[in-house]
Structures are given as C-alpha cells and as structure tokens.
Amino acid sequence: MLGSLLLAGSRLPFVRQAVSGIPLTRKVVDRFVAGETVHDAVGAIRRLTDAGLTVTVDHLGEETLDAGAAAATARAYAVLLGALRELDLGDRAEVSVKLSAVGQALGADGHKIALENARRICEAARAAGAGVTLDMEDHTTVDSTLGVLRALREDFPGTGVAIQAALQRSEGDCRDLSGAGSRVRLVKGAYAEPASVAHRRKADVDKAYVRCLRILMSGRGYPMVATHDDRMISITETLADRFRRSRGDYEYQMLYGIRADKQQALAGAGHTVRVYVPYGDDWYGYFMRRLAERPANIAFFLRALGGK
Ligand code: FDA
C-alpha cells in the first residue's frame, strides 16, 4: 500500500523536486547507484568483477520526451561500451537499456526512434563483445518493447528482455520467449499497475513468478532469475534439478547495493551472479522504485535525513 502510494507520488513533479532538492538525499541514493559518471561505473564494475560477480550496466534515465536527449542517451551507451571494451570483460559485462530513455515515449514515432537508438547500442555492444538486455517498464510499453526485441533479435539474436511476473499476460510472454537461445530476465515487476492487467497482492505476484519461472526453466532458453527473494532462489534450484539445468544454463541477477552478501554466497557456490549497476545523474525514478519495494528503505532514508 505504502509502496503503491510512493510510486504514484513519485510521478508528481513537485515530489520529484522536493526529493531531489534535499542535499542528504544523495547520500542515500549512493547506496543504490554506482555514481554519476562512466568513471564511477567502471570503479564499481572493477570491484564487482574482481569479487567474482558479473554485471549489467544501466545508464540511468527514462521517459525521455525529447528526440535529442534520446539520441544523447544512445551516445552515452556508446561511451560506456567503449569503456567496457577496454576492460575486456567479455560476457562478464553487458548493458541494460530502458527503451523510454531512447525515445519510446516520443508519441507516434517513438517506437521507430527507440528501435533505431537501440540498434546503435547493440552495434556498439557487439564491438565491445558485450550483450544487451531490454528492461521492461510499465504495462503500456510491453507490446512496443517486445516488438523492438523481435526486430533487434533478427540481427542481434542474443538480445535479452525483462518480463514482469506481476503482469497477467507474462506467462504467455514467457512461453513465447522460451525458445533456444532466448535470454529472459524474470522480475517481479516494479511499477504500480492497475488490477485490470496485473496481480496486485504480493502473494499472487510470487505465485505468478513461480509459474513463469517454471515455464522458463523447462524451456530451451537462458533464464536470468532476477530476484533477492530466498524462496524464489530455492525454487529455482529445485527446478534446475528437475529440468537438468547445470549452473551455466541459467543465472541469478540482483540489484547493486541489495543483498551483497547473498550475491557473494551464490557466486561462491559456483553460480553466475549478475549485478545490475545503475549510474548517471537521472537517478530519481530508479531510486523511488527501490524505496517503494521495501518500507525499511523509507525508514533508512528518513533516518539519514535526520542525521542518524
Ligand atoms: P521481494 O520484493 O519480495 O524482495 C525479497 C527480499 O529482497 C526482501 O525481503 C529484501 O530482503 C530484499 N529486497 C528486495 N527489494 C529490496 C530493496 N529495494 N531494498 C532492499 N532490499 C530489498 N523491474 C521491472 O519492472 N522492470 C525491470 O526491467 C527490472 N529489472 C530488474 C533487474 C534486476 C537485475 C533485478 C534484480 C530487478 C529488476 N527489477 C525490474 C525489479 C523487480 O521487478 C523487483 O521490483 C525487485 O527485484 C524486488 O523484488 P524481489 O524479487 O527482490 O522480491
């Protein structure tokens, strides 16, 4: 309930102004965001990969309403991918892209502009030997995002996509995307969605997550199990046994700054663990979703503001 209110409020410009304007907010943001520059991101990537983890890097930004800014985001990804190329991490590093940051929200031409910019990012990623995964945003964008995915996969078959268990349509999408070589990141879903399209109770989202997980783990693709939830991780292990998947046939993914101990433990046990590393100055939407996911984060935020 609190989470939904926070997500709804986070879209109001005066809330954005108020939260971004508090000087101490930055201190709390740093828990979830690797910094503002590519240099900051590279520092975090080095620390994580040195510790045996892999990464997917997100240049923060979303809902861009300006074609110039969308193109600038694609260029920022090219710079990031140049840096990844120098690090020479191979498939230990990839990038995550929000299509609304590269033009999807630009009205009638949005889909086309997003596809063109995403294609440029995929080309830069190929030159760097890195992969690309498309994040999934609110339910109104899913058809367009899956359309862009299909078009990209014609030339870049390794392109991955996030699917949100919270959406009622997602079991069908998982089935469609469970073919050989298909990389799918299964998440619970971080957006406030209407009951007409989404499961709203946490217990129902968790059950839907397990149903989607079963479809992906029994399929022929490459499931990327993106969760911090111990129960989902233990069910994944059971399904891996049942469907004879070895550790290289699926991976775990978690967010930067969340359950670092668990990330390390899974990697220590021989799993591929990919950490989602966001960086950049447009952190507001990402930060508010992290607060909304967990009431304890709001308390942490308020304590920091109170200087404790
Ligand atoms: P759940 O919310 O049940 O949390 C389980 C446990 O994890 C909690 O009890 C707590 O210990 C810990 N935890 C979870 N969130 C936390 C937080 N914010 N702070 C501190 N601890 C926390 N969503 C989306 O809609 N589109 C997308 O493209 C993506 N992409 C994405 C990539 C990756 C790599 C991850 C891990 C997640 C996403 N998400 C996402 C976010 C996802 O939808 C979801 O909101 C969060 O992962 C939280 O859900 P959990 O599965 O962790 O379970």
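Let's start with the lining of the second largest pocket, where α12 makes the largest contribution, three residues. The structure you are looking at is a predicted model. Besides α12, the helices α1 and α2 (13-21) each bring at least two residues to the lining of this second largest pocket. The pocket holds about 400 Å³ of space. Its lining counts 17 residues, and if you want to find its centre, look for Leu7, Ser10, Arg11, Glu62 and Glu63, the closest ones. Sorted by class, this lining has eight nonpolar, two polar and seven charged residues.

Now move on to the largest pocket. About 1500 Å³ of space lies here, and 49 residues line it. Nearest the centre of this largest pocket you will find Lys188, Gly189, Ala190, Arg289 and Glu293. Which element gives the most to this lining? Helix α12 does, with six residues, so keep an eye on α12 as you turn the model. Several other elements take part as well: α1 (2-9), β4, β5, α9 (202-218), β7 and α13 (295-305) each supply at least two residues of the lining of the largest pocket, as does α12. By class, the lining of the largest pocket is made up of 23 nonpolar, 10 polar and 16 charged residues.

What takes up the space of the largest pocket? The ligand does. Two or more residues of the shell around the ligand come from each of β4 (160-164), β5 (183-187), β7 (251-255) and α12 (284-293). Among the elements, β7 gives the largest share of this shell, three residues. In total, 25 residues surround the ligand, and the closest are Gly189, Lys202, Thr227, His228 and Glu293. The shell divides into 10 nonpolar, six polar and nine charged residues.

Let's zoom in on individual atoms. Two of the closest residues, Lys202 and His228, are good places to begin. In the side chain of Lys202, an N or O atom is 2.6 Å from an oxygen atom of the ligand. The side chain of His228 also has an N or O atom facing this kind of partner, with 2.7 Å between it and a ligand oxygen atom. At Ala190, it is the backbone that takes part: one of its N or O atoms lies 3.0 Å from an oxygen atom of the ligand. How much of the ligand's accessible area does the protein cover? On its own the ligand has 930 Å² of accessible area, and the protein covers 88% of that.

Conventions. Residues are numbered from 1 along each chain as its sequence is written. This is a predicted model: local features need pLDDT of at least 70, side-chain atom pairs count only at pLDDT 80 or more; totals for chains, interfaces and linings use all residues. Side-chain values use heavy atoms; hydrogens and water are left out. A residue is near a molecule or strand if one of its heavy atoms lies within 4 Å of it. A polar contact is a pair of N or O atoms within 3.5 Å; within protein, one must be able to donate a hydrogen and the other to accept it, and residues adjacent in sequence count only if both atoms are side-chain atoms. Accessible areas come from the Shrake-Rupley method with a 1.4 Å probe; for residues, only the protein chains shown count as cover. On a 1 Å grid over the protein atoms alone, a cavity is a set of points where a 1.4 Å probe fits but cannot get out, and a pocket is an open set with protein on both sides within 12 Å along at least five of seven lines; lining residues have an atom within 4 Å of a point. A molecule sits in a cavity or pocket if more than half of its atoms lie within 2 Å of its grid points. Helices (H or I, at least four residues) and strands (E, at least two) are DSSP runs, numbered from the N terminus. Ala, Val, Leu, Ile, Met, Phe, Trp, Tyr, Cys and Pro count as nonpolar, Asp, Glu, Lys and Arg as charged, and the others, Gly among them, as polar. Grid points are joined across faces, edges and corners, and a volume is the space filled by probe spheres set on the points.
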